[in-house]
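Here is a quick walk through one chain, going from its overall layout down to a few backbone details. Have the structure open while you read.

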Amino acid sequence: MKKVRILIVGFGVIGSGVARSISEKREYIKGKYGIDFELVGIGERDGSIVCEGGIDLMKSKLLNEHPHWEKGLKAIDILKEVDADIVIEATPTNIDTGEPGMSHMMAAFETKKHVVTSNKGPLTVAYTRLKKAAEENDVKFMFEASVGGAMPVLNLVRETLQANEILGIEGILNGTCNYILTRMTMEALPYEHVLSEAQELGIAESDPTYDVEGIDTACKLVILANSIFDMDIGYKDVDVAGITNITPEALKLAYDDGYVIKLVGEIQNNNKPTVAPHLVPKDHPLAVGGTLNIISIQTDLAGEITVTGKGAGAVETSSSILSDLISIAR
């Protein structure tokens, strides 16, 4: 049995969800892959938990009530000092500086730890620098969860489509926008009404700017462009338009003509990536509804490969993070 020691930095929705999934799937992974994932450290803003023999989260519902909780112990310190194999970086996204995720990842690389992350910020700000640091320290850097939640996009390209030249990628990469546009179309409701509804349901944030202005989709395109097309670009290199100016009247006109309006992110033939509302035929694969995400990959040999699934959520994101963990551990 191969024991793999895990540190989680950032214990919000994603970090705590991953911890639960590791615990719930531990015996299954041990039986199927011969890998035993042991959680030995959790780092948060106001303190950390370190337990070399493995952390039992059942001992407390709250981190700061856990018997091994140490107030003031910084995540950056446990990254440098705790003996671990893989770091899961799950702090909130910051597309301006990439911090604190950037420093966490660099500290992990410098101490010869592999990194798995769902954090788009550092990848958007400094993908090339992070990739180089991982290579120089001979460790793995994996980030499937940063693009499509549960959808296997990066691993699909890397592991299954290796012989293919990737000609283009387009998709719906933000479930909040897709939910809003779907509801506006089917119920003829105004944007403000549906946004309020989405916020009440927890689908949209209290400040929805990041989603509805296309910023989230643009960050995901940057990650795809850099990791698949070797573009070395940032958020400012993407042409971005959101959905806030779309009216029920425009959606009805489109629908009556056989189309739906979707916020589509697109990279074609190494051209400048774009995020903008598109007219999509009702019977087109991209015409998915609700909070679903979908991505279409155009290749020279396999043709068009389309993947759809839930693009957000703790359990769904955990699926991709666990996949990356197993890939590294094997």
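## Sheet and strand pairing

Before anything else, a word on pairing: two strands count as paired here if DSSP finds at least two bridges between them. Keep in mind too that this is a predicted model.

With that settled, take a look at the open sheet of six strands, which runs in the order β9-β11-β10-β8-β12-β13 with mixed pairing. Its edges are β9 (239-240) and β13 (304-310), each of which pairs on one side only.

Now for the β9 end. β9 pairs with β11 (residues 274-281) in the parallel sense, over two bridges. If you want a spot to click on, try Val240, whose bridge partner in β11 is Val275. As a reminder, strands of a sheet pair through backbone hydrogen bonds, either parallel or antiparallel.

## Two domains

Zooming out, the chain splits into domain 1, made of 2-150 plus 314-329, and domain 2, covering 163-309. Their C-alpha centres sit 29 Å apart. Where the two touch, domain 1 puts in 11 residues and domain 2 puts in 16.

## The interface

People often give the size of an interface as the accessible area lost when the parts come together. For domain 1 against domain 2, the buried area is about 1,100 Å², and carbon and sulfur atoms give 70% of that.

What about polar links? There is one salt bridge between domain 1 and domain 2, and two residue pairs are in polar contact across the interface, both at pLDDT 80 or more. In a salt bridge of 3.4 Å, N to O, the side chain of Lys120 meets that of Asp216.

On the side of domain 1 that touches domain 2, the elements giving two or more residues are α4 (120-136) and α5 (145-148). The largest share is from α4, with six residues. By type, the residues on this side of domain 1 break down into five nonpolar, four polar and two charged.

## Backbone oddities

Two backbone spots deserve a look. One is the peptide bond joining Glu99 and Pro100: this bond is cis, with omega at about 5°. You'll find Pro100 in the loop between β5 (86-89) and α3 (101-110).

The other is Asp138, a residue other than glycine with a positive phi, near 55°. Asp138 lies in the loop that runs between α4 and β7 (141-142).

How values were computed: Residues are numbered from 1 along each chain as its sequence is written. Side-chain values use heavy atoms; hydrogens and water are left out. Domain bounds come from an automatic or database domain assignment. Contact means heavy atoms within 4.5 Å. Buried area is the accessible area (1.4 Å probe) that two parts lose on being put together, summed over both. A salt bridge is a side-chain nitrogen of Lys or Arg within 4 Å of a carboxyl oxygen of Asp or Glu. A polar contact is a pair of N or O atoms within 3.5 Å; within protein, one must be able to donate a hydrogen and the other to accept it, and residues adjacent in sequence count only if both atoms are side-chain atoms. Helices (H or I, at least four residues) and strands (E, at least two) are DSSP runs, numbered from the N terminus. Ala, Val, Leu, Ile, Met, Phe, Trp, Tyr, Cys and Pro count as nonpolar, Asp, Glu, Lys and Arg as charged, and the others, Gly among them, as polar.
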